[in-house]
Amino acid sequence: MKQWIGLALLSAFFAALVGIAGKRGLETVDPTTATAVRSLFMAGFLVLAAAAVGKLTGVSRLPAPALGWIAVSGLCGAASWLCYFWALRSGPAGGVAALDRVSVAFTLILAAVFLKERLSPQVILGGALMVIGAVLVVWRR
């Protein structure tokens with residue numbers, strides 16, 4: 001198995017835990033506050049991880065265009081987390097996570113438009129099935 005597949009599956013597993021732990025944490029906490037606290041823990045962990053593997057020194061050498069795109073990615077990620085936690089506050093964890101994964105379909109479309117990635121019939125079908133699956137998970141909840 002290719003390394004990226006295993007890492008992507010681990011990412012999905014940890015994302016599932018985000019929904020479960022987040023839902024429990026939101027029982028008595030405002031979603032905006034919870035998202036801010038979550039981001040502090042994440043930042044601390046990631047700085048420690050980068051330091052542990054000797055990658056912090058590369059931060060000062062980031063090219064300006066790369067830094068700009070990474071910043072945009074960070075802002076989009078923060079907006080995503082904030083919306084996710086607000087949705088978790090009032091919605092079922094499984095339904096929120098299912099709709100959150102519709103991001104795959106959005107990514108396929110945006111990657112085709114902006115990155116010129118090819119949308120083969122099987123990729124289109126797979127994306128459509130993911131959207132259908134998300135709708136089925138949340139239908140009549």
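D100 is partly exposed, at 25% relative accessible area, and its side chain meets that of R101 in a salt bridge, 2.1 Å from N to O. R101 is partly exposed too, with a relative accessible area of 30%. Keep in mind that what you're looking at is a predicted model. The rest of this briefing goes from charged pairs to the overall build, then to helix 2, the core and helix 5.

**Salt bridges**

- The structure holds two salt bridges, and the D100 and R101 pair is one of them.
- The side chains of R24 and E27 also pair up in a salt bridge, at 3.2 Å from N to O.
- R24 counts as exposed because its relative accessible area is 59%, which is over the 50% cut-off.
- E27 is exposed as well, at 53% relative accessibility.

**The overall build**

- Looking for strands? You'll find zero of them here, alongside six helices.
- Reading along the sequence, you get the pattern α-α-α-α-α-α.
- The C-alpha atoms fill a box of roughly 50 × 45 × 30 Å, taken along the principal axes.
- The protein has 141 residues, and 16% of them count as buried.
- Take the contacts with a separation of 6 or more: 75% of them are between residues 24 or more positions apart.

**Helix 2 and its two sides**

- Helix 2 has 22 residues and runs over residues 31–52.
- From first C-alpha to last, helix 2 reaches 31 Å, close to the 32 Å expected at 1.5 Å a residue.
- Which residues of helix 2 are buried? They are P31, A34, T35, R38 and A50.
- These buried residues cover an arc of only 125 degrees around the axis, so they sit on the same side of helix 2.
- It helps to know that an α-helix has 3.6 residues a turn, so residues three or four places apart point the same way.
- Over on the other side of helix 2, L40, F41 and L48 are exposed.
- And what covers the buried residues of helix 2? The cover includes helix 1 (3–25) and helix 3.

**The two ends of helix 2**

- At the start of helix 2, D30 points a side-chain oxygen to within 2.9 Å of the backbone nitrogen of T32.
- Just after helix 2 comes G54, which takes a positive phi of about 70 degrees.

**T35 and F85, a pair in touch**

- T35 lies in helix 2, and with a relative accessible area of 8% it is buried.
- The cut-off for buried is under 20% relative accessible area, which means that 8% qualifies.
- Setting aside residues up to four places away in sequence, T35 touches W81, L82 and F85.
- Now look from the F85 side: leaving out neighbours within four places in sequence, F85 is in contact with V18, G22, L26, P31, A34, T35 and R38.
- Four of the names on that F85 list, P31, A34, T35 and R38, are also buried residues of helix 2.

**The largest nonpolar core**

- Seven residues make up the largest nonpolar core: L26, A34, Y84, F85, L88, A93 and V96.
- Helix 3 (64–90) and helix 4 (93–100) each supply at least two residues of this core.
- Which helix gives the most to the core? Helix 3 does, with three residues.
- As a general point, nonpolar side chains in soluble globular proteins tend to be buried together.
- Two of the core residues, L26 and A34, turn up among the contacts of F85.

**Helix 5: A105 and T107**

- A105 sits in helix 5, which covers residues 103–114, and T107 is found in helix 5 too.
- Is A105 buried or exposed? A105 is buried, with a relative accessible area of 12%.
- T107, by contrast, is partly exposed, at 48% relative accessible area.
- Apart from neighbours within four places in sequence, A105 is in contact with G127 and V131.
- A105 and C83 are 22 residues apart along the chain, and their C-alpha atoms are separated by 18 Å.
- T107 and L9 are 98 residues apart along the chain, and 17 Å separates their C-alpha atoms.

How values were computed. Residues numbered from 1 in each chain as written. Predicted model: local features only at pLDDT ≥ 70, side-chain atom pairs only at ≥ 80, totals over all residues. Heavy atoms only, no water. Buried < 20%, exposed > 50% of the residue type's maximum accessible area, 1.4 Å probe, protein only. Contact = heavy atoms within 4.5 Å. Core = buried A, V, L, I, M, F, W, Y, C linked by side-chain atoms within 4.5 Å. Expected span 1.5 Å × (residues − 1). Arc of directions from axis to C-beta. Polar contact = N/O pair within 3.5 Å; in protein donor to acceptor, adjacent residues only side chain to side chain. Salt bridge = Lys/Arg side-chain N within 4 Å of Asp/Glu carboxyl O.
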